[in-house]
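Biologist: I would like to learn how to read helix packing in a model. Where do we begin?

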Amino acid sequence: QLPKPPPLDPRKASLGREAALLQKRVEAQQATPQDRQRLLELLVGLDRKPEAINLLEGLADRDPQQWSLRLMLAELRRDQGDRPGAERELRQILHQRPTLIEALQLMALVLLEQNRGQEAETLVRGAYAASSKPPIKPQALEQGLLLAEVQQRRGTPAAAEATYRQLLAAFPGDQRPPLGLALLQESQGNLKGALESLDQARLRGEKGGTLDAANRATIDRLATEWRLRALRQPPPKIGETPP
């Protein structure tokens with residue numbers, strides 16, 4: 001006997017009918033901007049991403065200043081495996097907004113996934129350098145953190161550490177550079193340095209009032225785990241430098 005088909009999800013069927021009605025309005029050129037936005041949400045929610053891409057192409061071309069539409073289009077193309085298409089959309093955004101962090105993050109990811117790490121680092125470094133010229137712009141911090149992440153993923157931890165230390169000096173009141181440095185040091189087996197950087201991140205958060213309960217819990221958990229690991233490590237031999 002053939003297996004019975006799975007029962008239809010009433011909510012999914014209802015959303016599908018709503019999407020079909022909105023699609024007819026779009027095709028008849030009777031849809032409002034709200035109709036198009038709702039249809040886009042439905043298509044993504046129903047996992048009908050090729051149709052969502054077709055709709056987004058029209059929306060992005062109709063309103064080129066709305067960069068968030070083209071960014072969403074790039075995300076959908078990447079999700080569908082079309083990395084060249086995603087890169088094309090992102091380059092259009094970066095041509096107008098070369099320091100936009102959301103576009104830089106996704107472009108770096110797309111390039112890294114294509115084994116083009118040098119291009120990713122050059123792109124992010126250029127934006128970071130432009131934002132770091134006096135007076136330093138606020139976006140330089142997020143760009144610098146992204147640069148360090150790209151460098152770490154490229155397998156150049158020394159370069160990533162140098163970038164984190166630049167950020168430590170340039171943004172003395174922010175807890176993210178020492179936290180990023182701590183995670184990097186831990187990944188390299190430098191538990192002593194990681195714990196010192198973690199303490200610095202906690203101190204900065206407490207002074208700046210940005211250490212909420214969730215962040216404090218995360219830092220405390222990491223500190224406990226790393227201290228236990230440090231205690232389990234055998235003592236260094238004579239003449240060796242401890243990790």
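**Reading the helices**

Modeller: Begin with one pair: helix H9 passes helix H10 in a left-handed crossing. Keep in mind that this is a predicted model.

Biologist: How is such a pair described, and at what angle do H9 and H10 pack?

Modeller: Two packed helices are described by the angle between their axes and the distance between the axes. For H9 and H10 the angle is about 160°, and the axes are 9 Å apart. H9 is therefore roughly antiparallel to H10, since angles over 145 degrees count as such. On the H9 side the contact is made by Pro157, Ala160, Glu161, Tyr164, Arg165, Leu167 and Leu168. H10 contributes Pro177, Pro178, Gly180, Leu181, Leu184 and Gln185.

Biologist: Is H8 roughly parallel or roughly antiparallel to H10?

Modeller: H8 and H10 pack at an angle of about 5°, with 11 Å between their axes. That makes H8 roughly parallel to H10. Leu141, Glu142, Leu145 and Gln152 of H8 meet Arg176, Pro177, Leu184 and Ser187 of H10.

Biologist: Which residues of H10 are buried?

Modeller: An α-helix has 3.6 residues a turn, so residues three or four places apart point the same way. In H10 the buried residues are Pro177, Pro178, Gly180, Leu181, Ala182, Leu184, Gln185 and Glu186. Their cover includes H8, H9, helix H11 (191-208) and helix H12 (213-232). The length of H10 can be checked too: its 12 residues should span 16 Å at 1.5 Å a residue, and its end C-alpha atoms are 17 Å apart, which agrees.

Biologist: What lies in the loop between H9 and H10?

Modeller: Asp174 is in that loop, between helix H9 (157-170) and helix H10 (176-187). Asp174 counts as buried because its relative accessible area is 17%, and the cut-off is under 20%. Its side chain reaches the backbone nitrogen of Arg176 at 2.8 Å. Beyond its neighbours within four places in sequence, Asp174 is in contact with Leu141 and Arg204.

Biologist: How many residues has H6, and what covers its buried residues?

Modeller: H6, residues 101-113, has 13 residues and reaches 18 Å from its first C-alpha to its last, close to the 18 Å expected. Among its buried residues are Ile101, Leu104, Met107, Ala108 and Leu111. What covers the buried residues of H6 includes helix H4 (67-79), helix H5 (83-96), helix H7 (117-132) and helix H8 (139-153).

Biologist: Which residue with a positive phi follows H6?

Modeller: Asn115, which has a phi of about 60° although it is not a glycine. Asn115 sits in the loop between H6 and H7 and counts as exposed because its relative accessible area is 73%. Asp47 also has a positive phi, near 60°. Asp47 lies in the loop between helix H2 (33-45) and H3 and is exposed, at 55% relative accessible area. After H10 comes Gly189, with a positive phi near 85°.

Biologist: Where is the cis peptide bond involving Pro135?

Modeller: The bond runs from Pro134 to Pro135, with omega near -5°. Pro135 is in the loop between H7 and H8.

Biologist: One last residue: is Ala52 buried or exposed?

Modeller: Ala52, in helix H3 (residues 49-62), is buried, with a relative accessible area of 0%. Not counting residues up to four places away in sequence, Ala52 touches Leu40, Leu43, Val44 and Leu76.

Terms used:
Residues numbered from 1 in each chain as written. Predicted model: local features only at pLDDT ≥ 70, side-chain atom pairs only at ≥ 80, totals over all residues. Heavy atoms only, no water. Helix = DSSP H or I, 4+ residues; strand = E, 2+ residues; numbered from the N terminus. Expected span 1.5 Å × (residues − 1). Buried < 20%, exposed > 50% of the residue type's maximum accessible area, 1.4 Å probe, protein only. Contact = heavy atoms within 4.5 Å. Polar contact = N/O pair within 3.5 Å; in protein donor to acceptor, adjacent residues only side chain to side chain. Axes fitted to C-alpha atoms, helices over the stretch in contact; angles between N-to-C directions. Parallel < 35°, antiparallel > 145°, perpendicular 65-115°, else oblique. Left-handed = near helix turned anticlockwise from the far one by under 90°.
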